[in-house]
Amino acid sequence: MNMKHIFIIGSKGIPARYGGFETFVEELVRNQKSDDVKYHVACLSNQKKNFEYLGADCFEIPVPNIGPAKAVYYDIAAFRYCLSVIKKEQIKEPVIYVLACRIGPFIGSLKKKLKRMGGTLFVNPDGHEWMRAKWNAAIRKYWKFSEKLMVKHADLLVCDSKNIENYIQAEYGKYQPKTTFIAYGTNTESKEAENATVQKTESRKKLLEWYQKFGLKEKEYYLVVGRFVPENNYETMLLEFMKSKTKRKFVLITNVEQNKFFEELKQKTHFDEDDRIKFVGTVYDSELLTMIRKNAFAYFHGHEVGGTNPSLLEALSTTELNLLLKVGFNEEVAEDGALYWTKDAGSLSYLMKIAESLDETRRMELCEKARARMKAYYSWDYIVGRYEELWNKFGYQ
């Protein structure tokens, strides 16, 4: 049996520093089970060199700073590099896996070249990028058009959410797209061990120092972690929290430096006048972040622009109680392991009241359901196994 070569483009590369796709690629190679798979990973860089990381062949692609077009340039350059390696090394039956739908207008000609080499094109359509508020109308139009062409030309679309898979089938039915569902993953192993020993470690000290800095206590705060963008419904969460009578704090771990949206929300909601609300910046220490999640009273999740969201998976495998926006993307992940709110006025503040009146038995029941679901269907071990089954289907020599 010969080696199966998988070329992955569209992430910023590994080692992962931040971001969903970067973490996905790192976990895919870190948890590799099969000796018959060789990963080749594109890395965004300002230089050009190759290196090995966790057994993967990583190749750096230098990209000029050309604004929003930078990501498009990067993916095209990475794809062309993959083609040159496949040709030079005469690799048989390669797979190029493109993460996100940025290069639709160019994919037709690139796919033709790949096909001539006996290759297969996989695409991860990601979430609804064209719906994100940060893009102007012209860029949104490009994203939607690009998505259509990526769907049209892909041999297989790997969707990390069943809702995205349903959307692709409904929206682009005329292309008869082939799709499959493999979720995004999270670290579930060793959570129990981590939780048992964490009180005795340096991490505990770190957590208490962090609490002291922001005037916080265990189980006395609601938490949210995520990008500070309108489609994550910060406005609803802030207004509903301010409406509530809770004595607990609302801790927001997010980057708001030089953020126009932050200033707009301040004007609109006057959240700065509520001393229970604490914007605490970012936390890049993953051990500290896990402990902050673990010791929160409850987690708010307001994301509604799809895909399986990494911060939701983290919350469900770490935080005892999760209050999620009721949309298909969130419900398919948590099922009955969480409580749900809508954007209707009064919905979240009422749910907070219910959350604060739950007895310990019901609280633990929700917690255990969420963690069991993460372990069974969202552990990296399980997700990597699913991917390796997929590579296998596309024929070794």
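## Helix α7 and the eight-stranded sheet

On the other side of α7 from its buried residues, Glu-202, Gln-212 and Lys-213 are exposed, where exposed means over 50% relative accessible area, buried under 20%, and partly exposed in between (1.4 Å probe, protein chains only). The structure is a predicted model, in which local features need pLDDT of at least 70 and side-chain atom pairs count only at pLDDT 80 or more, whereas totals for chains, interfaces and linings use all residues. Residues are numbered from 1 along each chain as its sequence is written, and side-chain values use heavy atoms, with hydrogens and water left out.

The buried residues of α7 are Ser-203, Arg-204, Leu-207, Trp-210, Tyr-211 and Phe-214. Because they cover an arc of only 125° around the axis, they lie on the same side of α7, the arc being that of the directions from the helix axis to the C-beta atoms. Helices (H or I, at least four residues) and strands (E, at least two) are DSSP runs, numbered from the N terminus. What covers the buried residues of α7, by contact (heavy atoms within 4.5 Å), includes the elements below.

| Element | Residues |
|---|---|
| β9 | residues 221-225 |
| β10 | residues 249-253 |
| β11 | residues 277-279 |
| α10 | residues 286-294 |

Gly-215, whose phi is positive, near 65°, follows α7.

Elsewhere, eight strands form an open sheet of mixed pairing, in the order β3-β4-β2-β1-β5-β6-β7-β8, where two strands pair if DSSP finds at least two bridges between them. The edge strands, each pairing on one side only, are β3 (50-53) and β8 (179-181). Strands β6 (residues 120-124) and β7 (residues 156-159) run parallel and are joined by two bridges; Val-123 has Leu-157 in β7 as its bridge partner.
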